[in-house]
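Me: Please give me a close look at one part of this model, then set that part among the rest of the fold. Where a term has a cut-off, state the cut-off.

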Amino acid sequence: MTNTEHLGITEAELIASGAIWTAREIEQQPRMLKQTHELVAALHTRLQAFAGPITGNPAARVILTGAGTSAYIGQCLAPLLDRKLAARVDAVPTTDIVCAPQLYLDPEQPLLLVSFGRSGNSPESLAAVELAESLVREVRHLVITCNAGGALNKVPVAHAQTLLLPEETHDTSFAMTSSFSCMMYAALAALLPAAAMDTRIGGIVRATERVIHETLPVLQALAEGRHDRVVYLGSGLLQGLAREATLKLGELTNGAVVTCFDSPLGFRHGPKTFVTDRTLVVVFVSNDVLTRRYDQDLLDELRRDGCAARVIEVTTQPRSDAINDSIVVPGMAGADDVDLLWPYIAVAQLYAFLTSRVMGVTPDNPNPAGIVNRVVQGVRLYALPA
């Protein structure tokens, strides 16, 4: 047995507590992001040749899709890509497409269906591809997956391009961590113009790496607070990230922590009643000058209310009067919000992992009863009505 550590914990201890894969997969993200960047850069001309006829067409549509964490990739990226591409861009989960395809698939509107899948074996992912093929006259499929052997990588359709990520991103743990971050990065780099991320990947990697290695003590202390309710809030792109943060905590604690997500402005419209004196509230603070003012207004209000156990801001620009309640992402004060997705989600992943361990749950397999599974089971699919 070696003395190797991951997230400051020895391999022996991680193996004994059923946490080795989750720890490794959270920790490997900076290295995997670099590899993903190099992979997409090498394939960018081919990817643009495939996607460009749709993404450059104002009359066309791009749908970012997946289930669970894979769906939240789309929710993080869609608002930005919709502004950057000529085509309309929406995030629609496969779980929505499958049960009501007529609401989301327009037969006459050219479509690029971007499917995210860690394993590529979720039944809804495969069904969404088949439905698009059946209902849309002109459709192309961009598959972004971590599993060369997955069914999504072999869909028998006329116009498909697969972006297969490094094998290590095919997370073994129950919860998606490096697969989430790398599929999200791959989609962004592939759909933006060539070299758009070349000057930004270094900052993203360094910030994510520093978060993983420097925030462990404060996150361990938060985890030991044993908060039974946790709220994640974020505006714009960061609202999708807030949703992924709540799912990660719910998964890794096997549902022991009740979670809620929203935007800071939306939170006042009812969900704020969720807060109790055992609640931790975490706000992903935007770098946008206007958005940040709304974020900070709610942070200050929640602290004045005095109802929550702790109110934490994850930020690149800490305020002197809130420094003890801030988790600071270094070196990103001038970054666009999209670049914050990776270091910010690392904070949430670490907190979920540490909380899981504090609660005595096994992060690699938090639900040993099998009520939920790494690849969803129990889905019955139905044919379209004649």
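Reply: Arg61 counts as buried because its relative accessibility is 8%, where buried means under 20% relative accessible area, exposed over 50% and partly exposed in between (1.4 Å probe, protein chains only). This is a predicted model, in which local features need pLDDT of at least 70 and side-chain atom pairs count only at pLDDT 80 or more, while totals for chains, interfaces and linings use all residues. Residues are numbered from 1 along each chain as its sequence is written, and side-chain values use heavy atoms, with hydrogens and water left out.

Arg61 belongs to strand β3 (residues 61-65); strands (E, at least two residues) and helices (H or I, at least four) are DSSP runs, numbered from the N terminus. Its side chain makes a polar contact of 2.8 Å with the side chain of Asp90. A polar contact is a pair of N or O atoms within 3.5 Å; within protein, one must be able to donate a hydrogen and the other to accept it, and residues adjacent in sequence count only if both atoms are side-chain atoms. A polar atom of the Arg61 side chain also lies 2.5 Å from the backbone oxygen of Tyr104. Leaving aside neighbours within four places in sequence, the residues in contact with Arg61 (heavy atoms within 4.5 Å) include Ile54, Ala87, Val92, Gln109 and Leu112.

Val92 leads on to the nonpolar cores, which are sets of buried Ala, Val, Leu, Ile, Met, Phe, Trp, Tyr and Cys residues joined through side-chain atoms within 4.5 Å. The largest core has 93 residues, and those with the most contacts inside it are Leu77, Ile144, Phe284 and Leu341. Helix α14 gives the most to this core, with 15 residues. Apart from that core lies another, of 16 residues, with Ile63, Val92, Val136 and Val157 among them. In the largest core, Leu77 touches Leu64, Met184, Ala187, Leu188, Val338 and Leu341, not counting residues up to four places away in sequence.

The whole structure holds 3 aromatic pairs. Rings of Phe, Tyr and Trp (its six-membered ring) pair if their centres lie within 6.5 Å; planes under 30 degrees apart count as stacked, over 60 as edge-to-face and the rest as tilted. Tyr185 and Trp342 pair edge-to-face, at 5.6 Å centre to centre with 70 degrees between the planes. That pair links distant parts of the chain, Tyr185 in helix α8 (residues 178-191) and Trp342 in helix α14 (residues 337-358), 157 residues apart. Both Tyr185 and Trp342 are buried. Tyr232 and Phe284 are stacked, with 5.6 Å between centres and 20 degrees between planes. Here the link runs between strand β8 (residues 229-234), which holds Tyr232, and strand β10 (residues 279-284), which holds Phe284, 52 residues apart. Tyr232 is buried at a relative accessible area of 2%, and Phe284 at 0%. Tyr344 joins these two in one aromatic cluster.

Strands β8 and β10 are also among the elements that the buried residues of helix α13 pack against, along with α12 (264-267) and β11 (310-315). Those buried residues are Arg292, Asp295, Gln296, Leu298, Leu299, Glu301 and Leu302. At the start of α13, a side-chain oxygen of Asp288 comes within 3.1 Å of the backbone nitrogen of Leu290. Just after α13, Gly306 has a positive phi of about 70 degrees.
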